[in-house]
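Biologist: I'm new to reading protein models, and I'd love a close look at one small part of this one. Could you walk me through it step by step?

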Amino acid sequence: MGAQWKAKGKDLAANAKGRVFSKLAKDIMVAARNGADPAANARLRMVMEQARKVSMPKDTLDRAIKKGAGLTGETVQFERVIYEGYAPHQVAVMVECLTDNVNRTAPEMRVLFRKGQLGTSGSVSWDFDHIGLIEAEPTAPDADAELAAIEAGAQDFEAGDEGTSVFITEPTDLDLVSRALPAHGFNVLSAKLGYKPKNPVDPANLSPEALEEVEAFLSAIDDNDDVQNVYVGLVS
């Protein structure tokens, strides 16, 4: 949970797939503002890889690219907003939203944070590092994540889901490391900027009831249509 929170059992089940596609479509539209050609737009290329990983339909992907690049005649304007605060039991939370109406999103966040504590800008971010996060899978059984991290210029790495590795970089090195990893035995699945807690809480120090309250709080926030990512001060 340390870098980015994911609900237990959250996968691409029928009730969740539409929400996953919707959030990815927003990221694609924002990335496509800088051009519809992924070869010349590193951010778009990375988000497209995420979309392919979750089997987003090609027409949905193409429509999001064209819409974001202004090729459909529609005006798309999303604003990226970060909300900071605490989940129940003083667990630090950073919520990244992409919204076309802050006047709608802000009161919704205030309601969602009632079971925790919504802070002001900077009230929690000081306890997180802004980093690049690259999820990659080995292309050979003997691929060495530690060696790949060193040679590709990543700061660190940690185990991901289903045999993947997550490489951690400086924000400015995200694209450089993403391009270097394939030469060192890793296929990049996704690459994005995110936040990593400096002093995460160990879930083992919370009672089962307390941890359940934290999980319920985070799940409710993650279900909001404007929320893209939830970063939480819990040990993975």
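Modeller: Happy to help: we'll begin with the whole chain and then zoom in on T99 and T105.

Please keep in mind that this is a predicted model. The protein chain has seven helices and eight strands. Its radius of gyration is 18 Å, close to the 18 Å that the globule rule gives for 236 residues, so the chain is as compact as a globular protein of that length. If you follow the C-alpha trace along its principal axes, it spans about 50 × 45 × 35 Å. Of the 236 residues, 44% are buried. Sequence distance is worth a look too: among contacts between residues at least 6 apart in sequence, 72% join residues at least 24 apart.

Now let's zoom in, starting with T99. You'll find T99 in strand 2, which covers residues 91–99. The relative accessible area of T99 is 1%, and buried means under 20%, so T99 counts as buried. What does the side chain of T99 have beside it? One of its polar atoms lies 2.9 Å from the backbone nitrogen of N101. Setting aside neighbours within four places in sequence, T99 is in contact with Q77, F78, E79, V81, R104, T105 and D226.

Two names in that list, T105 and D226, lead us to the next stop. T105 sits in helix 4, made up of residues 102–112, so here we step from a strand to a helix. With a relative accessible area of 0%, T105 is buried as well. The side chain of T105 makes a polar contact with the side chain of D226, at 2.6 Å. Again leaving out neighbours within four places in sequence, T105 is in contact with Y83, C97, T99 and D226. Put the two contact lists together and a small picture appears: T99 touches T105 and D226, while T105 touches T99 and D226.

For a last stop, try V232, which belongs to strand 8 (residues 227–232). V232 has 0% relative accessibility, so this residue counts as buried too. V232 and E212 are 20 residues apart in sequence, and their C-alpha atoms are 15 Å apart in space.

Finally, step back to the outside of the chain. Its accessible surface comes to about 12,100 Å², and 50% of that belongs to carbon and sulfur atoms. The chain also carries 25 positive and 36 negative side chains, with the centres of the two sets 8 Å apart.

Methods
Residues numbered from 1 in each chain as written. Predicted model: local features only at pLDDT ≥ 70, side-chain atom pairs only at ≥ 80, totals over all residues. Heavy atoms only, no water. Helix = DSSP H or I, 4+ residues; strand = E, 2+ residues; numbered from the N terminus. Rg over C-alpha atoms; globule rule 2.2 N^0.38 Å. Buried < 20%, exposed > 50% of the residue type's maximum accessible area, 1.4 Å probe, protein only. Contact = heavy atoms within 4.5 Å. Areas by Shrake-Rupley, 256 points an atom, 1.4 Å probe, with all protein chains shown as cover. Lys, Arg positive; Asp, Glu negative; His and termini not counted. Charge placed at Lys NZ, Arg CZ, Asp CG, Glu CD. Polar contact = N/O pair within 3.5 Å; in protein donor to acceptor, adjacent residues only side chain to side chain.
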